[in-house]
Amino acid sequence: MTENDRLNADAKKGMRAPKRPDTLEQAVVRQLDQYFAQLGGSQPHPLYNLVVTAVERPLLIYAMQMCEQNQCKAAELLGINRNTLRKKLISHGLLQ
């Protein structure tokens, strides 16, 4: 049975096909839409810094965990210089 046959069979049973996960870009846009909806007309915070900070900190944490706290490997994973990684870790309070 092909994937298409399976989806058609599921549809006939009243089942929905599994939803594709959002791309990172779609997730960001969805979150921005929610952010502006929650503002209710209020003035937003400077958007660029808000988004960069919200994404960068968990990205740094994730990369460091994936690389077992090895800064050289994490910098390589992120595609940035190790000194840049160190500055970012310090600025986010992730390194002393």
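Leaving aside neighbours within four places in sequence, Thr53 is in contact with two residues, Pro58 and His92, in this predicted model. Thr53 belongs to helix α3. His92 lies 39 residues away from Thr53 along the chain, yet the C-alpha atoms of the two are separated by 8.5 Å. The side chain of Thr53 also makes a polar contact, reaching the backbone oxygen of Asn49 at 2.8 Å. With a relative accessible area of 43%, Thr53 is partly exposed, because that value falls between the 20% limit for buried residues and the 50% limit for exposed ones.

Helix α3 is one of five helices in the chain, which has zero strands. Read from the N terminus, the order of elements is therefore α-α-α-α-α. Of the 96 residues in the chain, 15% are buried. The accessible surface comes to about 8000 Å², and carbon and sulfur atoms account for 55% of that area. Among contacts with a separation of 6 or more, 25% join residues 24 or more positions apart.

Helix α4, residues 71–78, shows how buried and exposed positions are arranged around a helix. Its buried residues are Gln71, Ala74 and Ala75. Viewed down the axis of α4, these residues fall within an arc of 100°, so they line one face of the helix. The buried residues of α4 pack against two other helices, α3 (47–66) and α5 (82–91). Helix α3, where Thr53 lies, is thus also a packing partner of α4. On the face of α4 turned away from the buried side are the exposed residues Lys73, Glu76 and Leu77.

The two ends of α4 can be described as well. At its start, a side-chain oxygen of Asn70 comes to within 3.0 Å of the backbone nitrogen of Cys72. After the helix comes Gly79, which has a positive phi, near 75°.

What does a search of the whole structure find in the way of aromatic pairs? One such pair is found. The pair consists of Tyr35 and Phe36, whose ring centres are 5.4 Å apart and whose planes stand at 75°, so the pair is edge-to-face; the cut-off for that class is over 60 degrees. Are the two residues buried or exposed? Tyr35 has a relative accessible area of 17% and is buried, because the value is under 20%. Phe36, at 41% relative accessibility, counts as partly exposed.

Key: Residues are numbered from 1 along each chain as its sequence is written. This is a predicted model: local features need pLDDT of at least 70, side-chain atom pairs count only at pLDDT 80 or more; totals for chains, interfaces and linings use all residues. Side-chain values use heavy atoms; hydrogens and water are left out. Buried means under 20% relative accessible area, exposed over 50%, partly exposed in between (1.4 Å probe, protein chains only). Helices (H or I, at least four residues) and strands (E, at least two) are DSSP runs, numbered from the N terminus. The arc is that of the directions from the helix axis to the C-beta atoms. Contact means heavy atoms within 4.5 Å. A polar contact is a pair of N or O atoms within 3.5 Å; within protein, one must be able to donate a hydrogen and the other to accept it, and residues adjacent in sequence count only if both atoms are side-chain atoms. Rings of Phe, Tyr and Trp (its six-membered ring) pair if their centres lie within 6.5 Å; planes under 30 degrees apart count as stacked, over 60 as edge-to-face and the rest as tilted. Accessible areas come from the Shrake-Rupley method with a 1.4 Å probe; for residues, only the protein chains shown count as cover.
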